[in-house]
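Student: I should like to examine how the descriptive terms applied to a model are justified. May we go through them one at a time?

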Amino acid sequence: MSETETSTVLSILRERFDAILDGWISTQSDEGVQRTDLFSHKEGREQTSSLLRAMITGIAEGDTGSRFDLSSEPWTELRTVLVDVTQERSARGVSPSDMASFVLALKGPIFFQLQELLADQAGELVEEIFFISRVIDAFAVYCTEVFIAERDRIIEQQRDQMQELSTPVVELWDKVLTLPLIGTMDSARAQEVMENLLETILQRQSEVVIVDLTGVQTVDTQVAQHMLRMASAVRLMGAECIISGISPTIAQTMVQLGVDVGEVTTRSTIRTGLADALNRVGYEIVHKAKQ
Amino acid sequence: MSAASAIYFVEGVLLVAIQEDISDTDILDLQEALAERIVRDSARAVVMDINALEIVDTFVGRILAQLASVSKLLDAQTYVVGMRPAVAMTLVELGMDLPESKTALSLSHALQDLRGKPLA
Amino acid sequence: MSVPEGALVSVCVLLRDRDVLHARRVAGQELEKLGARSVKKTRFVTAVSEIGRNAVMHGGGGEARIYSQVHPPCVTVVCRDKGPGIADVDAALCDGFSTAGSMGRGLGGARRLCDQMEIETTVGKGTCVTMVARL
């Protein structure tokens, strides 16, 4: 770190902290960056001020020269604050470009202060501006990265939730399970669904499983393969598999695709599937005559 | 008879619990021993408990399939019981469905099936 | 062939069928250490069993080297023999192909059970199969 390189900026940041902070906040509102609809002035000021303080720490201790590296140790505090602010704002619906503009809005007030101080030293002014720009740009890029990572995490989370939602294994009666399939089946999901089903068979000691296709829109060769593999695996575990909810369209498609279901029991509705399953485990549904 | 697996004869049924670390040689010996026992004991069925097996590869799968076919020729029904979920998924992936064997969740489920009534 | 990822954990000699049991146990333990789920472990260990047995039965014996890596988590098994080699790898990978009277599902099956499998073979010199399980 070269002392001369950072000392001017550092002293400006320290001595004129409030002026820069006010300038930053007003630039944000001038440019419509400050989302008052999403958070209050007070919160915005606190966040902005903690960012500025963390930035001073970074510049004072870190390498800001050619080896400037935002991921290095002295910038830990700033990164932490940036992550907090970004995550919090993204959760409130602030867009990545709003977030970048928010960070970049810091340039104005600092440039202004530098200009005042170094009015008659053009060479030095350019150098200082060049240096501080690089640091602030790095902040903005970092914010965007955090933003994207946060979005990815949310997408991943939602995907997991959806998968779990769409593959419940339900115990309908003693020894009878049902797996209502919904949506599309790719290989990864089929694998997961099968694992879940087989583990439940083991836990509940179920003897009959109804795999219901009522909620499945289309059956292509791949889906049919998964279905038949599932039936085979269920049989290997020692339980029986009934595939129900095969619509006329699905039946026709399967024949056209040349899918041979072999020994697997198929039923058009879950209703007949259930009656069949109960029958196999020794129960019968009877109509109770009114007294 | 193989050291890795003991064969028991109960209610006219040969029961075998295959041990976790059974080797290829052991399982070949077992196959031979079982064929002989089916005839000697006039067994009506063979129940193989494979719950201890963490994996069943194509070799072991083939022996199980052959055993079922041999038993069928000797008029005995084969049951494979206690297969683990992960093993079932892997075998299906390998294209081995053991079509000649009956399957059951456990030994008692198989015996119940042989007695001809559902497990209470 | 690329260098296996991670550190060498074990070198298992493959001469008899018992040796295959040992190799697959080591591979299974390594996957367990990395927190693999049972389906993952069973699939990979089954593949190791297929390939290891091939080395013993058709390759006249060989060795299995087991590598493990934490970041990103994966287990690699390199199984090498000095057997007759495979003349037509593509055909050998098809289900139903067999030169030894078996069912011929081993090689193709093993490939489906790994996340990655590479076969290097020279007729008359031997075969090297690299299997990778990623978590």
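**Reasoning from values to terms**

Tutor: Of the 291 residues in chain A, buried residues make up 45%. Please bear in mind that the model is predicted. Chain A has 11 helices and five strands, and its pLDDT averages 83, with 90% of the residues scoring at least 70.

Student: Where in chain A is confidence lowest, and where is it highest?

Tutor: The lowest mean, 72, belongs to helix H1 (residues 3-15) of chain A, and the highest, 94, to strand S4 (residues 240-244) of chain A.

Student: Why is Thr265(A) called buried?

Tutor: Its relative accessibility is 17%, and the term buried applies under 20%. Thr265(A) therefore counts as buried. This residue is found in strand S5 (residues 265-266) of chain A. Leaving aside residues up to four places away in sequence, Thr265(A) touches Cys241(A), Ile242(A), Ile243(A), Asp276(A) and Arg280(A). Two of these names, Asp276(A) and Arg280(A), recur in a network of salt bridges that also links Glu240(A) and Arg267(A).

Student: What makes the pair Arg153(A) and Glu150(A) a salt bridge?

Tutor: Their side chains meet at 3.1 Å, N to O, and the cut-off for a salt bridge is 4 Å. The pair therefore qualifies as a salt bridge. Because they are three residues apart in helix H7 (residues 122-166) of chain A, Arg153(A) and Glu150(A) are separated by about one helical turn.

Student: Are these two partners buried or partly exposed?

Tutor: Arg153(A), at 44% relative accessibility, counts as partly exposed, since that class runs between 20% and 50%. Glu150(A) has a relative accessible area of 11% and is therefore buried.

Student: Which parts of chain A meet chain B?

Tutor: In total, 18 residues of chain A are in contact with 19 residues of chain B. The area buried between the two chains is about 1,700 Å², and carbon and sulfur atoms give 61% of that area. On the side of chain A, Arg235(A), Leu236(A) and Met237(A) lose the most area to chain B, together 38% of what that side buries. Five residue pairs are in polar contact across this interface, both residues being at pLDDT 80 or more. Helix H8 (187-204) and helix H9 (221-237) of chain A each supply at least two residues to the side that touches chain B. H8(A) provides the largest share, seven residues. By class, that side of chain A divides into seven nonpolar, five polar and six charged residues.

Student: How do you know that Arg229(A) and Glu93(B) form a salt bridge?

Tutor: The closest N and O atoms of Arg229(A) and Glu93(B) are 3.8 Å apart, and the criterion is within 4 Å. The pair therefore satisfies the definition. The count between chain A and chain B is one salt bridge.

Student: Why is Asp97(B) called partly exposed?

Tutor: The relative accessibility of Asp97(B) is 32%, which is neither under 20% nor over 50%; Asp97(B) therefore counts as partly exposed. It lies in the loop between helix H3 (85-93) and strand S5 (102-104) of chain B. Beyond residues up to four places away in sequence, Asp97(B) touches Ser232(A), Arg235(A), Leu236(A) and Val92(B).

Student: How many salt bridges are counted between chain B and chain C?

Tutor: The count is five. One of them joins Asp57(B) and Arg53(C), with the closest N and O atoms 2.6 Å apart. This pair crosses from the loop between strand S3 (45-49) and H2 of chain B to helix H2 (residues 38-57) of chain C.

Student: What makes Asp57(B) and Arg53(C) buried?

Tutor: Asp57(B) has 0% relative accessibility and so counts as buried. Arg53(C), at 6%, likewise counts as buried.

Student: Why does the salt bridge of Arg43(C) and Glu93(B) join two chains?

Tutor: Arg43(C) lies in helix H2 of chain C and Glu93(B) in helix H3 of chain B, so the pair joins two chains. Their side chains meet at 3.1 Å, N to O. Arg43(C) counts as buried at 13% relative accessibility, and Glu93(B) counts as buried at 11%.

Methods. Residues are numbered from 1 along each chain as its sequence is written. Chains are lettered from A and ligands numbered from 1 in the order in which they are written. Side-chain values use heavy atoms; hydrogens and water are left out. Contact means heavy atoms within 4.5 Å. Buried area is the accessible area (1.4 Å probe) that two parts lose on being put together, summed over both. A polar contact is a pair of N or O atoms within 3.5 Å; within protein, one must be able to donate a hydrogen and the other to accept it, and residues adjacent in sequence count only if both atoms are side-chain atoms. Helices (H or I, at least four residues) and strands (E, at least two) are DSSP runs, numbered from the N terminus. Ala, Val, Leu, Ile, Met, Phe, Trp, Tyr, Cys and Pro count as nonpolar, Asp, Glu, Lys and Arg as charged, and the others, Gly among them, as polar. pLDDT is the predictor's confidence in each residue, from 0 to 100. Buried means under 20% relative accessible area, exposed over 50%, partly exposed in between (1.4 Å probe, protein chains only).
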